[in-house]
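Here are a few short exercises to work through with the model open in your viewer. Try each one before you read its solution.

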Amino acid sequence: MKFTQMAKANEIERDWVVVDATNKVFGRIITEVATILRGKHKPSYTPHVDCGDYVIIINASKAKFSGNKLESKNYYTHSGYFGSTKTHKMSDMFEKNPEKLYKLATRGMLPKTKLGKDMLKKLKVYAGSEHPHTAQIKG
């Protein structure tokens, strides 16, 4: 009989993937990134092990949005106190801090556990085309 091989945490080999967001649709980028972070693109995918790769998103401020999401979509924050709900427009977040917007959207597609937190730490987002991870990328 053949058994399914389960990957162990110390056997995982991680690569660095660069995603250029120039003229790509925001949601499509995020789904691609979430798949890579989880490791679902690898044949050795195991649900209870973080087997994903590192992802670098460059030119984050040049992504496109379908529909009228930029004007109509809102993000909410709450501190826990009464009446402390704050509303942030997607367009404002995209202009001021696109890195935070990418992290929020990706977090929603990852597991809501410690495993998901560790996966999100492997995401690096940069508004421009420059990034400090050139040494890690095999060229």
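**Exercise 1.** Start with Asp118: is it buried, partly exposed or exposed? Then find its salt-bridge partner and classify that residue too.

*Solution.* Keep in mind that this is a predicted model.
Step 1: Asp118 has a relative accessible area of 39%. Buried needs under 20% and exposed needs over 50%, so Asp118 counts as partly exposed.
Step 2: the partner is Lys121, with the closest N and O atoms 4.0 Å apart.
Step 3: Lys121 has a relative accessible area of 58%, so this residue is exposed.

**Exercise 2.** How many salt bridges does the structure hold? Work out where the one between Asp53 and Lys42 sits and whether its two ends are buried or exposed.

*Solution.* Step 1: the count is 3 salt bridges.
Step 2: Asp53 and Lys42 pair up through their side chains, N to O at 2.8 Å. Both residues lie in the loop between helix 1 (26-38) and strand 2 (54-58), 11 residues apart, and the pair links distant parts of the chain.
Step 3: now the accessibility. Asp53 comes out at 3%, so it is buried. Lys42 comes out at 17%, which is under the 20% limit, so Lys42 is buried as well.

**Exercise 3.** Which residue does Lys122 meet in a salt bridge, and which parts of the chain does the pair link?

*Solution.* Step 1: the side chain of Lys122 meets that of Asp50, N to O at 2.7 Å.
Step 2: Lys122 belongs to the loop between helix 5 (114-120) and strand 5 (123-125), while Asp50 belongs to the loop between helix 1 and strand 2; the two are 72 residues apart.
Step 3: check burial. Lys122 has 4% relative accessibility, so it is buried. Asp50, at 12%, is buried too.

**Exercise 4.** Leave the charges and turn to the largest nonpolar core: which residues touch the most other members, and which element gives the largest share?

*Solution.* Step 1: the core has 26 residues, and Ile57 and Tyr102 touch the most other members.
Step 2: helix 1, strand 2, helix 3 (90-96), helix 4 (98-107), helix 5 and strand 5 each give two or more residues. Helix 1 supplies the largest share, 7 residues.
Step 3: look around Tyr102. Leaving aside residues up to four places away in sequence, its contacts include Phe26, Ile29, Ile30, Ile57, Phe94, Leu123 and Val125.
Step 4: for context, nonpolar side chains tend to be buried together in soluble globular proteins.

Note on methods. Residues are numbered from 1 along each chain as its sequence is written. This is a predicted model: local features need pLDDT of at least 70, side-chain atom pairs count only at pLDDT 80 or more; totals for chains, interfaces and linings use all residues. Side-chain values use heavy atoms; hydrogens and water are left out. Helices (H or I, at least four residues) and strands (E, at least two) are DSSP runs, numbered from the N terminus. Buried means under 20% relative accessible area, exposed over 50%, partly exposed in between (1.4 Å probe, protein chains only). A nonpolar core is a set of buried Ala, Val, Leu, Ile, Met, Phe, Trp, Tyr and Cys residues joined through side-chain atoms within 4.5 Å. Contact means heavy atoms within 4.5 Å.
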